[in-house]
Amino acid sequence: MSQALSMHRDAPGLPHHVVLRLGIIASAIIIVVLGLFDDLRNLSPYAKIAGQIAAAGGLIAAGVGTRSAGWLLLPIAARLPASMDGVREFLLHPSVVLGCSCVIVVAVVVFCCNATNLMDGLDGLCGGVTAIVALGFVLLAVQLGRLGGGMFTNWDAVRVVLGLALLGGVLGFVPYNFNPASIFMGDTGSMFLGFSCATLILLMADAGSKYFLAAMVMFALPVLDTSLAFARRWLAGRHVFSADKMHFHHQLVQRGLTVRKAVLVSYGLAIAFMIMGSAIVFMRTRYVVGVYLVIFGCIIVAAYKMGMVHE
């Protein structure tokens, strides 16, 4: 539909409609096919990671996330003394920025795909949380589109289009997936939702470190659930990819909540993270980093005190 709409800005050299790079579409198809094979054949974790890396390569080829490391390396280079000019030039060299950006793209895609996959444990949980996250991404995308322009105008429009597409698709699905569910997304849907969130997070990272941090705060619930799961399995001496019933939502049910109440509690946390992520955009970057670390530190300590780290 976006191909039939006019661009929100009109200037010489700009496309007349939103241009969605083929690499984004190809990567999405890779994830969907990978998830379908996993639902039908039960692929190994390493096969899934290989497919996710291939999808990340498609995003890199489309130019998604290829500027993300620049916002991280620039402050480091700016604080180096004059005697380290060689190191500064090395850090800001285009090939170094691109290489570090590629690592970030692969890490974000693999982590987000597995985070939403692990979160798909209760009816309506993954879809509803993703809808809240997608709403936050749309708010960030609209803010960037309002402030942006110039040579990045098309990327401003792509963020809005992909954010609205993700939000609309999930909202159409959740009513049928909420407890008691009549349809299920399987690994095909959960990995695709994670990939969609990863794509938008990387597009935010291209716009600046503040927007990257804001997007990561909005995606905090899947990040925390996955991080706690990996830490819990590592402390128990089990493989980090082994399955268990100790995720955050499972522990809510074990503490006496019904499935619906556990899902609604997760929705409330996701809304809180979405609001915090939106507020970060209007703060100075140095304060954003401080707020980011304090929030996650408090949550990790609370999870440890509540016994969510040890089995």
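How far apart are the mean positions of the 20 positive and 13 negative charges of the chain? In this predicted model, the two mean positions are 8 Å apart, and with the charged side chains selected in the viewer you can keep that separation in mind while turning to the fold itself.

**The whole chain**

Begin with a cartoon of the entire chain, in which 13 helices and zero strands are to be found, so that the pattern read along the sequence is α-α-α-α-α-α-α-α-α-α-α-α-α. The radius of gyration is 20 Å, close to the 19 Å that the globule rule gives for 311 residues, and the chain is therefore as compact as a globular protein of that length. If you orient the C-alpha trace along its principal axes, the spans to look for are about 60 × 50 × 35 Å.

Next, colour by burial and then show the surface: buried residues make up 49% of the 311 residues, while the chain exposes about 14,800 Å², of which carbon and sulfur atoms supply 72%. Among the contacts with a separation of 6 or more, 76% are accounted for by residues 24 or more positions apart.

**The cysteines**

Select the cysteines now, bearing in mind that a disulfide is a covalent bond between the sulfur atoms of two cysteines. A search of the whole structure finds zero disulfides. Start with C113, whose sulfur is 7.2 Å from the closest cysteine sulfur, that of C112, and so too far away for a bond; C113 is also buried, at a relative accessible area of 0%. Then move to C197, which takes part in no disulfide and for which the nearest cysteine sulfur, again in C112, is 6.7 Å away. C197 likewise counts as buried, with 0% relative accessibility.

**The loop between α7 and α8**

Go on to the loop that lies between α7 (153-177) and α8 (186-207), and select M185 within it. Is M185 buried or exposed? At 11% relative accessibility, M185 counts as buried, because the cut-off for that class is under 20%. Leaving aside residues up to four places away in sequence, M185 touches D39, D120, C126, G127, F173, N177, S190 and L193, which can be displayed together as sticks. For one of these, G127, the C-alpha atom is separated from that of M185 by 8.6 Å, although the two residues are 58 residues apart along the chain.

Stay in this loop between α7 and α8 and select P180, which is also placed there. The peptide bond joining N179 and P180 is cis, with an omega of about -5 degrees, and it can be inspected by showing the backbone atoms of both residues.

**The loop between α1 and α2**

Finish at N42, in the loop between α1 (22-41) and α2 (45-61). What is the phi of N42, given that it is not a glycine? The angle is positive, at about 60 degrees. N42 is exposed, with a relative accessible area of 63%. To close the tour, draw a distance from the C-alpha atom of N42 to that of D187: these residues are 145 residues apart in sequence and 9.7 Å apart in space.

Methods:
Residues are numbered from 1 along each chain as its sequence is written. This is a predicted model: local features need pLDDT of at least 70, side-chain atom pairs count only at pLDDT 80 or more; totals for chains, interfaces and linings use all residues. Side-chain values use heavy atoms; hydrogens and water are left out. Helices (H or I, at least four residues) and strands (E, at least two) are DSSP runs, numbered from the N terminus. The radius of gyration is taken over C-alpha atoms; the globule rule is 2.2 Å times the number of residues to the power 0.38. Buried means under 20% relative accessible area, exposed over 50%, partly exposed in between (1.4 Å probe, protein chains only). Contact means heavy atoms within 4.5 Å. Accessible areas come from the Shrake-Rupley method with a 1.4 Å probe; for residues, only the protein chains shown count as cover. Lys and Arg count as positive and Asp and Glu as negative; His and the chain ends are not counted. The place of a charge is taken as NZ of Lys, CZ of Arg, CG of Asp or CD of Glu. A disulfide is a pair of cysteine sulfur atoms within 2.5 Å.
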